[in-house]
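Please look over the sequence and the model below before reading on. The paragraphs that follow lead from a single side chain outward to pockets, core, aromatic groups and backbone.

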Amino acid sequence: MSIKWGIIGCGKIAHKFAEDLITIPNSVLHAVASRDLVKAKDFGKTYGAFSCYGSYEELVLNPDVDVIYIATPHVFHFENTLMCLQHKKAVLCEKPFAMNIAQVTEMITVAKENQVFLMEALWTYFLPHYQYVLDLVKSKELGTIKSLKADFGFVSSFDPNGRMFNKKLGGGSLLDVGIYPLFAALSILGYPEEIDAKATFGETGVDDTCTMQLHYKDNVTASLFSAITQQTNTEAILEFEQGTISINSRFHEPSSVSITKNGTTKTIEFPGDTNGYSFEAIHVQEMLAQNRVESTVMTFEKSLQLIKLLDSVRNKIGLHYD
């Protein structure tokens with residue numbers, strides 16, 4: 001039986017997700033919705049959607065839709081997700097899950113109350129190269145991890161009304177791309193004992209750059225950086241007692257992994273036929289087939305820890321949203 005997907009929001013990331021959805025067995029892009037009906041129809045025509053809507057509410061009321069991928073700006077994730085869950089629609093919601101821990105907690109509560117599946121779409125977690133690194137860390141093949149360095153920076157064209165720089169849309173580097181280095185630290189090292197952070201702010205009041213230092217027991221550290229006004233290598237480097245693992249640029253998407261030990265480096269390629277969003281979508285379909293409310297990989301607890309980290313960094317740098 002095919003899983004009928006709906007997509008809310010027709011921006012750049014939704015296009016990538018829809019491209020990948022076409023490649024997945026037993027999946028159908030059934031419906032798409034945008035606040036702009038013309039945009040929805042163009043999107044739907046490109047990817048063969050059965051129904052196109054000019055409002056999110058119309059899509060949610062479609063009885064044939066099984067699961068909805070939410071690809072709207074950060075500030076709308078909370079209200080969009082609650083609307084879907086209250087109408088018994090399973091949800092895969094883009095990262096960050098919501099704007100703060102209070103919103104994420106309520107989303108999880110509503111999912112449990114309605115016995116409807118909910119997961120944060122942190123696609124990196126499901127990528128083969130990233131799972132390979134997690135397994136390698138766990139194996140202790142290179143001994144104990146001593147430090148992690150991860151960055152994600154790019155130059156975004158300045159538009160004070162655009163998603164990146166508009167505070168009302170949850171703009172800034174931390175929530176958009178800083179979440180990836182933080183996720184790397186959380187998934188590899190766990191929740192830190194101490195957090196230090198500082199940021200630079202642009203004229204619209206959002207963080208242009210954010211520098212984060214996470215401290216763990218035994219002097220293990222994570223040095224993290226995000227930016228929307230400067231280009232960085234966008235890689236993750238893990239230092240161990242007996243070697244180094246580099247998740248090569250760009251570490252959060254399908255990439256390669258280099259392992260250095262005893263002065264020798266080998267690089268493992270992870271070629272793929274999709275953008276990489278297919279792996280999380282396949283996982284969601286597996287969870288739905290098992291009638292689960294919660295992912296066995298990107299669990300509610302992991303999403304709560306991640307938003308708690310984001311909230312803590314925001315408090316440290318003095319970044320507040322209305």
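Is histidine 74 buried or exposed? In this predicted model, histidine 74 has a relative accessible area of 4% and is therefore buried, since the buried class covers values under 20%. Histidine 74 sits in the loop between strand 4 (67–70) and helix 4 (77–86), and, leaving aside residues up to four places away in sequence, its contacts are Lys95, Pro96, Met99, Arg163, Leu169, Gly170, Leu175 and Asp176.

Two of these contacts, Arg163 and Asp176, lead to the largest pocket, which has a volume of about 850 Å³. Lined by 32 residues, this pocket has Lys12, Ile13, Arg163, Met164 and Asp176 as the lining residues closest to its centre. Helix 1 (12–21) and helix 7 (173–189) each contribute at least two residues to the lining, whose residues divide by class into twelve nonpolar, nine polar and eleven charged.

The second largest pocket holds about 380 Å³ of space, and of the 20 residues that line it, Val137, Lys140, Ile145, Ile188 and Leu189 are the closest to its centre. Helix 6 (128–139), strand 7 (145–153) and helix 7 are the elements that give two or more residues to this lining, with helix 6 giving the most, five residues. In the lining of the second largest pocket, nine residues are nonpolar, four are polar and seven are charged.

The interior can be followed next through the largest nonpolar core, which comprises 116 residues, and in which Trp5, Leu182 and Leu238 touch the most other members. Helix 7 provides the largest share of this core, with twelve residues. Leucine 238, if residues up to four places away in sequence are not counted, touches Val133, Val137, Ile145, Ser147, Leu148, Ile188, Gly243, Thr244, Ile245 and Ile247; among these, Val137, Ile145 and Ile188 are also listed with the residues closest to the centre of the second largest pocket.

Aromatic side chains form eleven pairs in the structure. In one of them, the ring centres of phenylalanine 43 and tyrosine 47 lie 4.9 Å apart with their planes at 55 degrees, so this pair counts as tilted. The two residues are about one helical turn from each other because they are four residues apart in helix 2 (residues 37–47). Both partners are buried, phenylalanine 43 with a relative accessible area of 2% and tyrosine 47 with one of 12%. Elsewhere, Tyr125, Phe126, Tyr130 and Phe183 make up one aromatic cluster.

The backbone remains to be considered. Most peptide bonds are trans, and most residues other than glycine have a negative phi. Against that background, lysine 95 and proline 96 are joined by a cis peptide bond with omega of about -15 degrees; proline 96 lies in the loop between strand 5 (90–94) and helix 5 (101–114), and both lysine 95 and proline 96 appear among the contacts of histidine 74. Another cis peptide bond links serine 249 to arginine 250, with omega of about -5 degrees, and arginine 250 belongs to the loop between strand 12 (243–247) and strand 13 (256–261).

Glutamine 115, which is not a glycine, has a positive phi near 50 degrees; this residue is in the loop between helix 5 and strand 6 (118–121) and is exposed, with a relative accessible area of 59%. Aspartate 218 likewise has a positive phi, of about 60 degrees, without being a glycine. Aspartate 218 is placed in the loop between strand 9 (207–215) and strand 10 (221–227), where a relative accessible area of 61% makes it exposed.

Conventions:
Residues are numbered from 1 along each chain as its sequence is written. This is a predicted model: local features need pLDDT of at least 70, side-chain atom pairs count only at pLDDT 80 or more; totals for chains, interfaces and linings use all residues. Side-chain values use heavy atoms; hydrogens and water are left out. On a 1 Å grid over the protein atoms alone, a cavity is a set of points where a 1.4 Å probe fits but cannot get out, and a pocket is an open set with protein on both sides within 12 Å along at least five of seven lines; lining residues have an atom within 4 Å of a point. Grid points are joined across faces, edges and corners, and a volume is the space filled by probe spheres set on the points. Ala, Val, Leu, Ile, Met, Phe, Trp, Tyr, Cys and Pro count as nonpolar, Asp, Glu, Lys and Arg as charged, and the others, Gly among them, as polar. A nonpolar core is a set of buried Ala, Val, Leu, Ile, Met, Phe, Trp, Tyr and Cys residues joined through side-chain atoms within 4.5 Å. Buried means under 20% relative accessible area, exposed over 50%, partly exposed in between (1.4 Å probe, protein chains only). Contact means heavy atoms within 4.5 Å. Rings of Phe, Tyr and Trp (its six-membered ring) pair if their centres lie within 6.5 Å; planes under 30 degrees apart count as stacked, over 60 as edge-to-face and the rest as tilted.
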